[in-house]
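Open your viewer and get the selection tool ready. We will go stop by stop.

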Amino acid sequence: MGTMGTVTHRKVVPPMKTTRIVLASRPTGRPEPANFRTETVELDPPKPGQALLQTLYLSLDPYMRGRMSDAPSYAPPVEIDETMCGATVSRVLESTDPALRPGDIVLGYGGWQTHSVEYVSYLRALDPAAAPITTALGVLGMPGFTAYSGLLTIGRPQPGETVVVAAATGPVGATVGQIAKIQGARAVGIAGGPEKVALLRDRFGFDAALDHRAPDFADQLAAATPDGIDVYFENVGGPVFDAVLPRLNKFARIPVCGLVANYNDTELPPGPDRLSLLMSNVLRKSLTLRGFIQTEFLDQAGDFYPAATQWLADGRLKYLEDVVDGLDNAVPAFQGLLTGKNLGKLVIKVAE
Ligand SMILES: NC(=O)c1ccc[n+]([C@@H]2O[C@H](COP(=O)([O-])OP(=O)(O)OC[C@H]3O[C@@H](n4cnc5c(N)ncnc54)[C@H](OP(=O)(O)O)[C@@H]3O)[C@@H](O)[C@H]2O)c1
């Protein structure tokens, strides 16, 4: 009840349990159910500075495939028997810090589980009246920020230029296309299947929309980019990149954000070594290819949130969410994310 500086807000009767999905073994190729284990364990009560949270929504993101592997990466892997990592929107059940009260809704990093204990200083309070709370995991969260920072810092689209992006109905790709339009560029979206292609045009306002599974995809891309490609925001790699490479203009910029087509690969694809083809394009066309991890640009977060919130309010930025019910469905939903079964930002609804 109290609001004075040192009062602890307690409501829950211990012991509190969490049901969690842990990494049981490292996948080879596609992650399978056998690589995970669901277990219910007791949670330690929150220490000073911590809060006990109930997970409402869990974000599933392609980067999690990298965390399941112990291959060298920009972040350490999830350890065997450790809870799978992930951003979460949660309800505060108990807080030792007066900054949060029971019932508050927060963005945290609770992982694939029903409850978590986290440091309050790592949590961001959300205002459910300002935007639907799930947007903190998508368009107004890490994926939206990835699109904003990678496109504007590396892609730098100019009015009239052509921007191409794949996985274009996903939270990164859809945001890239719409910010490209806001910058006055022409946006060409690539997605898998007719339903997604229709969404690109009708919902997200792409100037052209293509299906990368179409047998004549490369010809369609050429027809949709009569003036070539100035910015290719790389989300997928694989055959889409092969079709893009010959269309790139002199001085084209390629923010390399993700390579989801390769995340389950266990070896290099067959075929001739095309490194010299790539490098001769880089040289002849003075291409800029730059990989990035969104955390490199966190100093731009203060610009992103007000801009994206305003664009959402104006209707210039739209989003699409694929909400799957139940933590039990996290593994099959994650399998589907890597093969395009999701239709928009994939979120698991863990509790009401
Ligand atoms: N660098 C960073 O800091 C950072 C941060 C966030 C995300 N990312 C990357 O950004 C990319 C998009 O992430 P997201 O969260 O927006 O995911 P997403 O688009 O919701 O999901 C991934 C999509 O990739 C597409 N895909 C899968 N396999 C493909 C293939 N073989 N060829 C072409 N497309 C394929 C599918 O869409 P279709 O059905 O349309 O093919 C699938 O829906 C990912 O590569 C992710 O790793 C990077």
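This tour of a predicted model goes from domains to a sheet, then to a cavity and a pocket.

**Stop 1: the two domains**

Select residues 17-138 together with 320-349. That is domain 1. Give it one colour. Now select 142-297 together with 306-310, which make up domain 2. Choose another colour for this one. How far apart are the C-alpha centres of domain 1 and domain 2? They lie 28 Å apart. Look next at where the domains touch. Here 20 residues of domain 1 are in contact with 16 residues of domain 2.

**Stop 2: the open sheet**

Switch to a cartoon view. Find the open sheet of 6 strands. Trace its order: 10-9-8-11-12-13. The pairing is parallel. Which strands form the edges? Select 208-211 for strand 10 and 288-291 for strand 13. Each of these edge strands pairs on one side only. Turn the view to look along the sheet. Neighbouring strands are turned by 15° against each other on average, ignoring direction.

**Stop 3: one pair of strands**

Zoom in on residues 162-165, which are strand 8. Add residues 186-191, which are strand 9. The two pair in the parallel sense, over 4 bridges. Click on T162. Which residue of strand 9 stands opposite T162? It is R186.

**Stop 4: a helix across the strands**

Keep strands 8 and 9 on screen. Add strand 11, residues 229-233. Now select residues 171-182 to show helix 3. Helix 3 lies across strand 8, strand 9 and strand 11. Compare directions: helix 3 runs at about 170° to strand 8.

**Stop 5: the cavity**

Stay with helix 3 for a moment. How many cavities of 30 Å³ or more does a search of the whole structure find? It finds 1. Its volume is about 80 Å³. Show V139, P171, T175, Y319 and L320 as sticks. Of the 14 lining residues, these are the closest to the centre of the cavity. Helix 3 gives the largest share of the lining, with 4 residues. Both domains take part: domain 1 and domain 2 each provide at least three lining residues. By class, the lining has 6 nonpolar, 5 polar and 3 charged residues.

**Stop 6: the second largest pocket**

Hide the cavity residues. Select G238, D242, N262, P269 and R274. They lie nearest the centre of the second largest pocket, which is lined by 26 residues. The volume of this pocket is about 820 Å³. Now colour helix 6 (238-244), strand 12 (248-256) and helix 7 (275-284). Each supplies at least two residues of the pocket lining. Which element gives the largest share? Helix 6 does, with 4 residues. Finish by colouring the lining by class: 15 residues are nonpolar, 5 polar and 6 charged.

Note on methods: Residues are numbered from 1 along each chain as its sequence is written. This is a predicted model: local features need pLDDT of at least 70, side-chain atom pairs count only at pLDDT 80 or more; totals for chains, interfaces and linings use all residues. Side-chain values use heavy atoms; hydrogens and water are left out. Two strands pair if DSSP finds at least two bridges between them. Axes are lines fitted to C-alpha atoms, for helices over the stretch in contact, and angles run from 0 to 180 degrees between N-to-C directions. Contact means heavy atoms within 4.5 Å. On a 1 Å grid over the protein atoms alone, a cavity is a set of points where a 1.4 Å probe fits but cannot get out, and a pocket is an open set with protein on both sides within 12 Å along at least five of seven lines; lining residues have an atom within 4 Å of a point. Grid points are joined across faces, edges and corners, and a volume is the space filled by probe spheres set on the points. Ala, Val, Leu, Ile, Met, Phe, Trp, Tyr, Cys and Pro count as nonpolar, Asp, Glu, Lys and Arg as charged, and the others, Gly among them, as polar. Domain bounds come from an automatic or database domain assignment.
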